[in-house]
Structure formats: C-alpha cells, structure tokens
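Thank you all for coming; I would like to walk through one structure this morning, taking a few places in turn. Please have the sequence and the model open as I talk.

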Amino acid sequence: AIGTAAFDGVPLREIDIPDSVVSLGCGAFANTELCRISLPKNLQHIGSFAFMGTDLTELTLPAAVKKVEWGAFRSCRLERISVDKGNPYYSDEGDCLSERRTHTLLFCAAGGELPADTLTVERLALAERGGSSITIPAGVQKIRRTRVRGEYAPLMVDFPGEAGDIITFRVTPDSYAHRFAKRNHIPFELM
C-alpha cells in the first residue's frame, strides 16, 4: 500500500507503481506535479483525494480496482479517463468514471458527458469538468454536495463553470435535477 499523503507536495512528475501495491491512501499523490502514472494491475482501492491537484491529463483504471473514493481526482486536469474492459465495477462511458452497480458518477473529465443511466452524482464529480453547462439525465435521483465543518460548501466548489460562474444544468422539467437546481439557486435550462 501507498499510505495517506505519502507523496503529498513532493515534486514528482511521473511514476510506475509496482504490481505489489493494492491500495493508494487518501491524498497519496496530492499536490504533486504528477503528469504520468502507471497504475499497478493489482490495484484494488484508490482513496479520497489520492490525485488531488496533480497535472494528470489521462488515467487508465486497472481491472482489479474495486473501490474509488469520492474526490479522488479533485483539482485534477484529467481530459480522458478510461477503465480496463475487464473491470466489472467501473465504467468510463462519456469520459466519466461511474460505479456500475449503483450508477454513481464519481468524476467527469473535461468536456465529458454524464451517462444516461446515472442515478447519483457524487460530491465533487463535476468540479473539474469545465464548460458552461452540462446535461443532467432525467433519471438522476440524488446530487450530493460537499460539506465543510457540517455546512454545505459554496456551490462553486461542486459546480464551477466558466469565468467564475456556476455551471448551468440542462434538465428535464419536474425531474430531481430540476428541483435540485431551483432549491439551490443553480442556473438551469429546461430540455
């Protein structure tokens, strides 16, 4: 295992992790200059904020990964995320990382589009997507927000758009996402 904050802040640019490593702890590579990583084929767990603040633009999740914690890719520059086709737990549809069993969106790469079968949008899943708007599928039943010391973080933390604006949701009328946007004062467009 690579422990919590093991390389946090180290000026690391690239790394090949040996296949003996099965877990990356919380913040393991946070705030590094990491732009290339080769994840081990036996990796099973990626902790929260493991790659926060890195310069990674592409990442391939190995087949053995069973658990990716929310926020693992916070403040990452990922433009493309792919999942080994042999991984039964995660999907990379639409350049997004989603948990197959629960249909939970964990991360949406820059310019990615939410899979149509998404049911839950996890905290920080849209934080690095960029752009001015995103389509929220009609079937979404829950959108989680980040809490800081028991209070919800500002909307800009979870839903940042261009030029300092909050991202605009494109929603189906009377859907959960439509009600969520209205309740939280998030700009929205009806589809």
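In which loop does Leu78 lie? This is a predicted model, which I ask you to keep in mind throughout, and in it Leu78 sits in the loop between E6 and E7. Its relative accessible area is 1%, and because buried means under 20%, Leu78 counts as buried. If we leave aside the neighbours within four places in sequence, Leu78 is in contact with Leu56, Thr57, Glu58, Leu59, Phe73, Phe107, Ala109 and Ala110. As for its distance from Thr120, the two residues are 42 apart in sequence, and their C-alpha atoms are 21 Å apart in space.

The loop between strand E6 (67-68) and E7 also holds Ser75, which has a positive phi of about 60 degrees although it is not a glycine. Most residues other than glycine have a negative phi, which is why I mention such cases. Ser75 has a relative accessibility of 33% and so counts as partly exposed. Leu124 also has a positive phi, near 65 degrees, and its place is the loop between strand E11 (120-121) and strand E12 (133-135); with a relative accessible area of 7%, Leu124 is buried.

Let me turn to a loop asparagine. Asn87 is found between strand E7 (80-83) and strand E8 (90-91), and its relative accessibility of 1% means that it counts as buried. What does the side chain of Asn87 reach at 3.4 Å? The partner there is the backbone oxygen of Ala63, while the backbone oxygen of Val65 lies 3.0 Å from a polar atom of the Asn87 side chain. Not counting residues up to four places away in sequence, Asn87 touches Pro62, Ala63, Ala64, Val65 and Arg100.

Now to the nonpolar interior. In soluble globular proteins, nonpolar side chains tend to be buried together. In this model the largest nonpolar core has 31 residues, of which Leu24, Phe29, Ile37, Phe51, Val68, Phe73 and Leu97 touch the most other members. Strand E5 (58-61), E7 and E10 are the elements that give two or more residues to this core. A second, separate core is made of 21 residues, including Leu105, Ala125, Ile143 and Ala177. Returning to Leu97, and again not counting residues up to four places away in sequence, its contacts include Leu61, Val68, Phe73, Ile81, Val83 and Tyr90, as well as Leu105.

Ala177 brings us to helix H2 (residues 176-183), in which Tyr176, Ala177, His178, Phe180 and Ala181 are buried. Strand E13 (142-143), strand E16 (168-171) and strand E17 (188-190) are among what covers those buried residues. After H2 comes His185, with a positive phi near 60 degrees.

The last item is the largest pocket. How much space lies in it? The computed value is about 160 Å³, and the lining residues include Lys67, Val68, Glu69, Trp70, Thr104, Leu106, Thr120 and Arg144. E6 and strand E10 (104-108) each supply at least two residues of that lining, which divides into three nonpolar, three polar and six charged residues. Two names recur here from earlier in the talk: Val68, which belongs to the largest nonpolar core and also lines the pocket, and Thr120, the residue I paired with Leu78, which is another part of the lining.

Note on methods:
Residues numbered from 1 in each chain as written. Predicted model: local features only at pLDDT ≥ 70, side-chain atom pairs only at ≥ 80, totals over all residues. Heavy atoms only, no water. Helix = DSSP H or I, 4+ residues; strand = E, 2+ residues; numbered from the N terminus. Buried < 20%, exposed > 50% of the residue type's maximum accessible area, 1.4 Å probe, protein only. Polar contact = N/O pair within 3.5 Å; in protein donor to acceptor, adjacent residues only side chain to side chain. Contact = heavy atoms within 4.5 Å. 1 Å grid on protein atoms, 1.4 Å probe; cavity = no way out; pocket = protein on both sides within 12 Å on 5 of 7 lines; lining within 4 Å. Points joined across faces, edges and corners; volume = space filled by probe spheres on them. Nonpolar A, V, L, I, M, F, W, Y, C, P; charged D, E, K, R; others polar. Core = buried A, V, L, I, M, F, W, Y, C linked by side-chain atoms within 4.5 Å.
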